[in-house]
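Q: Please pick one spot in this model and take a close look at it, residue by residue. After that, carry on to whatever else is worth pointing at.

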Amino acid sequence: MRTMTYKVTYLLITMSVLIAFPLLHMCGFVSLDPWSEVIPFFFGKSNHRPNFVVFFADDIGWGDFGANWTPNKDATPNLNQMAREGLRLTDFHAGASVCTPSRASLLTGRLGLRTGVIHNFDPESLGGLPLNETTLAEVLKGNGYTTGMIGKWHLGITEKYHPRSRGFDYYYGLPYSNDMGCVDVFTYNLPPSINCPKNTSTDAYFKAALPLYENYDIVEQPADLIQLGDHYAAKATEFVDKAAKSGKPFLLYVAFAHMHCPLSHAERFTNATSLQTVYADTLYEMDNVIGRVLKSLKTNNLYDNTLTWFTGDNGPWSEKCQYSGSQGPFSGTWQFEKYGGGSTAKATTWEAGHREPTVVVWPNKIAPNQTSSALTSNLDIFPTLLSLAGATLPNYRHFDGMDLTLLFEGKTDKAHEVLFHPNSGDTFPFGEIDTVRLGNYKVLWKTGGSFANCGGVRAPQVAHNPPIVFDLEEDPAESTPLDDSFSKLQQIITDAALAREKLLDDIKNDNTSIPDYSKSKSAVPCCDRSVFYCRCKKDEA
């Protein structure tokens with residue numbers, strides 16, 4: 001009887017706190033998100049919930065990952081070790097094939113037609129990821145997680161769109177791409193990068209020098225890209241050390257400037273691999289940063305309870321020639337042979353534009369040295385991590401990602417049956433769905449557009465009616481469309497069209513967002529507007 005009384009009393013107290021805490025929060029008596037205090041109070045600081053580390057590379061090719069593509073095995077030793085310890089996903093895709101929309105997809109689990117984020121923001125952008133969209137960091141923070149971000153944000157630069165305002169407790173990094181502001185150091189690019197001008201008589205190409213932020217403050221402008229990898233490693237390991245001492249579970253999101261042009265790396269990584277190229281050296285530096293973060297997890301006895309996920313935002317920038325990554329077998333041969341060129345990588349819906357090198361490690365939960373060809377996406381990161389954290393998806397909106405827990409546990413070898421690849425910079429209109437993946441088949445209603453290949457040749461934008469269809473299992477190079485001799489062709493086209501129609505109907509009935517893409521020179525980040533090109537360094541102030 002006494003035991004029963006204790007249980008009833010505990011239940012009543014629990015219910016009272018769960019009801020009262022949100023009310024106290026709304027009245028201003030509790031400053032933090034209520035759940036960040038309630039959950040640790042009732043279940044302990046960590047509740048054995050997993051930590052999450054997400055590494056997000058920029059403009060990386062599927063073939064850059066040595067475990068995917070043998071020629072690059074020397075450039076990615078730490079990623080290769082992750083593959084030996086975890087699950088390599090060989091058919092994993094970005095939610096879009098350019099920077100901003102892909103990052104929005106990762107952090108919301110929603111396609112650009114839902115979030116409204118369909119092309120890049122820039123240094124003059126007044127807006128960002130719409131405020132009514134909920135980020136992964138916001139949900140995890142509300143469920144007791146410490147959240148930190150290191151690296152490229154590219155989802156809005158004004159204060160209300162800043163990472164610290166979108167769920168991250170700590171931020172250190174670049175607000176947008178590393179080519180959106182000038183720097184003083186030598187970098188590698190085609191055409192060659194323009195360094196910051198020294199006086200007002202110089203013709204100014206950029207709006208301002210490239211800023212480096214810590215939380216809301218610019219700590220260096222222009223950012224020193226040569227030291228950036230070491231800075232990221234130091235800040236990431238510092239975050240892990242502090243999280244270990246706090247005892248709370250954490251999310252660490254590391255979004256590299258690597259492998260976006262202009263390329264740069266610390267001097268000690270010159271000719272660090274047998275490949276002896278600038279691209280390989282920069283890739284090796286990124287891999288080294290990953291290794292240092294993993295070592296920090298192990299030193300703090302956090303590695304076994306941390307799910308670590310590596311992937312990229314989109315494919316390589318083929319127009320940059322020797323400073324671009326490897327497409328692996330996904331060459332998009334058909335377009336090149338038909339039109340003599342045109343990019344089949346970044347910004348396109350050809351396979352190399354969105355298929356990303358991906359590996360996930362979680363000791364004792366994900367079996368080591370596994371490979372899966374399940375159809376997966378960076379849209380899946382949001383629902384998967386929330387599920388593993390015991391959190392629920394935000395209400396009143398629809399999601400395009402799926403929970404991959406059963407795949408990770410080896411209880412299924414299936415994931416998506418259909419994926420949608422939005423127009424992302426090459427074909428117009430941006431954000432619309434003119435490419436559908438259906439099992440092994442890929443259906444394209446449009447090809448070509450504005451992006452050139454290495455030789456500078458562009459392919460025209462062409463609408464296909466009927467669409468062209470490739471069998472990716474037999475033809476990963478997308479060299480030969482299926483013809484009428486293939487008995488399933490018409491059924492594939494019909495099924496893909498129905499899937500697209502169903503998606504668009506669902507979006508019509510969803511809570512979608514409209515971002516602010518307006519611009520103003522006043523939005524350009526500047527640490528000191530009295531100094532030409534906004535030069536400053538925090539430790540020199």
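**A close look at S343**

A: Setting aside the neighbours within four places in sequence, S343 is in contact with S318, Q335, T348, W350, D426, F451, A452 and N453. Keep in mind that this is a predicted model. As for where the serine sits, S343 belongs to the loop between α9 (333-339) and α10 (351-354). Buried or exposed, then, for S343? S343 counts as buried, because its relative accessibility is 2% and the cut-off for buried is under 20%.

Now for what the side chain of S343 is doing. It makes a polar contact with another serine side chain, that of S318, at 3.2 Å. S318 also turns up in the list of contacts above. A polar atom of the S343 side chain also lies 3.1 Å from the backbone nitrogen of A345. So much for the serine; on to the cysteines.

Searching the whole structure turns up four disulfides. Number the bonded cysteines of the chain in sequence order and the pairing reads 1-2, 3-4, 5-7, 6-8. One of the four is C182 with C196, where the sulfurs sit 2.0 Å apart. That link is right-handed, with 100° about the S-S bond. C182 and C196 both lie in the loop between β5 (170-173) and β6 (212-214), so their bond ties together parts that are 14 residues apart in sequence. How much of this pair can you see from outside? Not a lot by the numbers: C182 counts as buried at 1% relative accessibility, and C196 is buried too, at 4%.

Further along the chain, C526 pairs with C534, again with sulfur atoms 2.0 Å apart. Here the torsion about the S-S bond is about -105°, so this disulfide is left-handed. Both of its cysteines are buried. C527 bonds to C536, their sulfurs also 2.0 Å apart, and this link is left-handed as well, with -130° about the S-S bond. Accessibility is another matter here: C527 is partly exposed at 29%, and C536 is partly exposed at 25%.

Two more cysteines deserve a mention. C99 is buried, with a relative accessible area of 1%. C261 is likewise buried, at 1% relative accessibility. Why is there no bond between C261 and C321? The closest cysteine sulfur to that of C261 is in C321, but it is 9.7 Å away, which is too far for a bond; a disulfide needs the sulfurs within 2.5 Å.

Last stop, a pair of helices. Helix α3 (residues 77-85) packs against helix α8 (residues 278-299) at an angle of about 50°, and the axes are 7 Å apart. That angle makes α3 oblique to α8. On the α3 side the contact uses P77, N78, L79, M82 and E85, while α8 brings Y284, M286, D287, N288, I290, G291, L294 and K298. Sorted by class, the contact of α3 with α8 has seven nonpolar, three polar and three charged residues.

Conventions:
Residues are numbered from 1 along each chain as its sequence is written. This is a predicted model: local features need pLDDT of at least 70, side-chain atom pairs count only at pLDDT 80 or more; totals for chains, interfaces and linings use all residues. Side-chain values use heavy atoms; hydrogens and water are left out. Helices (H or I, at least four residues) and strands (E, at least two) are DSSP runs, numbered from the N terminus. Buried means under 20% relative accessible area, exposed over 50%, partly exposed in between (1.4 Å probe, protein chains only). Axes are lines fitted to C-alpha atoms, for helices over the stretch in contact, and angles run from 0 to 180 degrees between N-to-C directions. Angles under 35 degrees count as roughly parallel, over 145 as roughly antiparallel, 65 to 115 as roughly perpendicular and the rest as oblique. Contact means heavy atoms within 4.5 Å. Ala, Val, Leu, Ile, Met, Phe, Trp, Tyr, Cys and Pro count as nonpolar, Asp, Glu, Lys and Arg as charged, and the others, Gly among them, as polar. A polar contact is a pair of N or O atoms within 3.5 Å; within protein, one must be able to donate a hydrogen and the other to accept it, and residues adjacent in sequence count only if both atoms are side-chain atoms.
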